[in-house]
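Here is a small set of exercises to work through with the model open in your viewer. Try each task yourself before reading its solution.

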Amino acid sequence: MIPEVKQEIIDLGDGRTITLETGKLAKQAHGSVVVQSGKCMLLCTVVSNYQQSDVDFLPLTVDYREKFAAAGRYPGGFFKREARPSDGEVLTMRLVDRVLRPLFPKDYHAETQVMIQLMSHDEDVMPDAMAGLAASAAIQLSDLPFECPISEVRVGRVNGELIINPTRKQLLESDIDMMIGASADSVMMVEGEMDEISEEEMVEAIKFAHEAIKVQCEAQVKLAEAFGKKETREYDPEREDEDLAKKIHEMVYDKVYAIAKAGSSKHERGSAFAAIKEEVTATFTEEEQEEFKDLISKYYSKAEKEAVRNLTLDEGLRLDGRKTDEIRPIWCEVDYLPSTHGSSIFTRGETQALATVTLGTSREANQIDMPSYEGEERFYLHYNFPPFSTGEARPIRGTSRREVGHGNLAQRALKGMVPEDCPYTVRVVSEVLESNGSSSMATVCAGTMAMMDAGVQLKKPVSGIAMGLISDADSGKYAVLSDILGDEDHLGDMDFKVTGTADGITACQMDIKVKGLSYEILVNALHQARSGRLHILEKLTDTIAAPNETVKEHAPTMVTRRIENEFIGALIGPGGKVIQELQKETGTTIVINEDPVTEEGIVEILGVGSEGIEKVLAKIDSITFKPEKGEVYEVKVIKMLDFGAVVEYTQAPGNEVLLHISELAWERTDNVTDVVNLGDVFEVKYFGVDPKTRKEKVSRKAILPKPEGYKERPPREKDGNRDNRSRDNRGDRKPKRN
């Protein structure tokens, strides 16, 4: 039976389109769609159980995977099968999850799984830019309860022109790389990196992306209608009790408001709020506590949130007593760890990050091997968030998606400030030791100082700040919060992180939880964030004003040398013998790469101290030494022969040449030892390759004055008569008799 296939085409301009297709693949899923642009094809499916789970949250899993077969490649490693997701895949999962999750009903708790797979790859199409569109389209084709279609697009800017879903080649020339997620009515998510752009330029890019998203949302609606929009499924909603909610609100609101207004630490405030909750719970009988346990907790949290929000909106005060634009106390320190190549501590309020820097060769570059992209990173940042940082004890099960996402944000914030000619591979590791509000921004600040401490010549220092927003649509009041706490993160309507230099924004991450946020409020929030960033930046530069001019004494120094390709083999030696012995002898690390443009060899020499590096450079000079015709060089006799002396260029040990006995002196020389002896040092003139012998020729006598009365020896006769006479004489000979 031929399947009934429906399609909808989205025009991106410049001859590019995105096609949404359903009805052909994965029909047992609750919703499935194939999204195609060029040769790039994504298959997205969504399935959700019909029974509610026994949890008080939505157990949503967004899974994005790239199949190596999509690019005609084998998976790397020993086992030729796709395994755990790469960091790139995890980052795409997070981008999609952050936009989808808020649009499911708050009381919908059924196990839900969205799976997106790259089935065919196109080098000119970046698949992650279509993952959000694919996920939303699949949900629109299902019966899941979902508020409205959404989509995500990437925005780039090349030569001042904004582009939707640029190619990877265009992105290399772009000064903006932003992913924006939105519905037709509201922007919901922004994440990306920029080349020190202004707040107004960032908002302009968001607006541009939103217009494209509106078209993609409309296409999803048309596809669902053409295929036959399913009725939204029914599910058991959460139990509600308005009388109980009102009772709890009256019991706790004023008490919570008073504690919030007092301005206390995280621990004190948490203990006080917990005591109020216990007091409220104690007013109910054991039977009521058992029956209304979830509702009591839910309504208490709702009242607490309302009290804290109103305190900020009405009085401009926050949980820790600060004003809305006030930054918590900051202290910093560099060179804290004696053995690392660079280190720093950044502490802001109750958030603390310890950053370390390690310098290495290109061999230590982070290799990226995905079906959609192969490459390497010479600068990368890893972020660790141990449970003790929040005073908790919980199992550690590998690197979490959150750690990958936060580390990537900090990496994008800093990488544009690492010079293109930095000879090192730079690894930054951030250990979050305390957390109460934006450890990722603390990582950016600590990473900046640690690299400056390590002697990495950053173009400019970078700082970061986490911002929040509390708004009331009915009254029109809103408050932008600088340097938010962990508690303010979840009770606000927007949280966004902005990093940058004194001259502009380098990265951002934004999640908007309220509908219809005006661009005016967004611009005001970004300008307030800039003031906060500059305040924090001043604290960083007070601690370390500029990068250290050199690396630390115990840190390796990197020297690079370019050599012609013909000498690479000689430097490596048979089976790597030369380079291995050289590394062992000098205590250095030597890495040789080939420049594909100039076709030269790039030799990286990494070593602690200058002695070993100088020995390696001398060896390279020796191997690559090419004497020039007509030049005079100093040589040393290293071997005596009957017909000459083998000499070695003193500026390039190991480079030998024969000094023939006839070139020792103007006078006739019967014995080599009459003129030179083993170990003698003198100068010779280089004549290039002798066309007769096809060997290099050097001469000592050429730079000596001719003896008085010296006469050149006449050249040997080679006239035709002599040659003919010789031949005639040979012809006159009679054969011998037997």
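How many of the eight residues of strand β24 (residues 600-607) are buried? Keep in mind that this is a predicted model.

**Solution.** Count as buried any residue under 20% relative accessible area. Six of the eight residues of β24 pass that test, and the strand is mostly covered.

**Exercise 1. Find the strands that pair with β24, and give one pair of facing residues for each pairing.**

*Step 1.* Begin with strand β22 (residues 557-564), which is antiparallel to β24 and paired with β24 over eight bridges. Arginine 562 has isoleucine 602 of β24 as its bridge partner.

*Step 2.* Next take strand β23 (residues 589-594), which also runs antiparallel to β24 and is joined to β24 by six bridges. Here glycine 601 of β24 lies opposite glutamate 594.

*Step 3.* Look at the connection between β23 and β24: the two strands make a hairpin, with five residues between them. In that turn, glutamate 599 has a positive phi of about 60°.

**Exercise 2. Compare your last hairpin with the one made by β14 and β15.**

*Step 1.* Strand β14 (residues 366-370) and strand β15 (residues 373-377) run antiparallel, with five bridges joining them.

*Step 2.* To fix the register, start at asparagine 366, whose bridge partner in β15 is glutamate 377.

*Step 3.* Between β14 and β15 there are two residues, whereas the hairpin of β23 and β24 has five residues between its strands.

**Exercise 3. Trace the eight-stranded open sheet and say which helices pack on it.**

*Step 1.* Write down the strand order, which is β8-β7-β9-β10-β21-β20-β18-β19, with antiparallel pairing. The edges are β8 (161-164) and β19 (478-482), each of which pairs on one side only. From one strand to the next, the twist averages 20°.

*Step 2.* Zoom in on strand β18 (residues 463-471), which pairs with β19 over five bridges in the antiparallel sense. Serine 482 in β19 is opposite methionine 467.

*Step 3.* Add the helices. Helix α8 (residues 293-315) touches β18 and β19, and its direction makes about 95° with that of β18. Helix α12 (residues 519-543) packs on the sheet too, touching strands that include β10 (187-197), β20 (494-501) and β21 (504-512), and its direction makes about 145° with that of β18.

**Exercise 4. Classify how helix α9 packs against α1 and α10, then locate histidine 406 in the picture.**

*Step 1.* The axes of helix α1 (residues 87-100) and α9 are 9 Å apart, at an angle of about 95°. Angles of 65 to 115 degrees count as roughly perpendicular, so α1 and α9 are roughly perpendicular to each other.

*Step 2.* Helix α9 (residues 401-415) and helix α10 (residues 439-454) cross at roughly 45°, their axes coming within 9 Å. The pair is therefore oblique, and the crossing is right-handed.

*Step 3.* Sort the contact residues by class. Between α9 and α10 there are seven nonpolar, six polar and one charged. The contact of α1 with α9 has four nonpolar, three polar and four charged residues.

*Step 4.* Histidine 406 of α9 is listed among the residues that meet α10, and also among those that meet α1. Leaving out residues up to four places away in sequence, histidine 406 touches Arg94, Tyr383, Ser439 and Ser440. Its relative accessible area is 9%, so histidine 406 is buried.

Notes. Residues are numbered from 1 along each chain as its sequence is written. This is a predicted model: local features need pLDDT of at least 70, side-chain atom pairs count only at pLDDT 80 or more; totals for chains, interfaces and linings use all residues. Side-chain values use heavy atoms; hydrogens and water are left out. Two strands pair if DSSP finds at least two bridges between them. Helices (H or I, at least four residues) and strands (E, at least two) are DSSP runs, numbered from the N terminus. Axes are lines fitted to C-alpha atoms, for helices over the stretch in contact, and angles run from 0 to 180 degrees between N-to-C directions. Angles under 35 degrees count as roughly parallel, over 145 as roughly antiparallel, 65 to 115 as roughly perpendicular and the rest as oblique. A crossing is left-handed if the near helix is turned anticlockwise from the far one by less than a right angle, and right-handed if clockwise. Contact means heavy atoms within 4.5 Å. Ala, Val, Leu, Ile, Met, Phe, Trp, Tyr, Cys and Pro count as nonpolar, Asp, Glu, Lys and Arg as charged, and the others, Gly among them, as polar. Buried means under 20% relative accessible area, exposed over 50%, partly exposed in between (1.4 Å probe, protein chains only).
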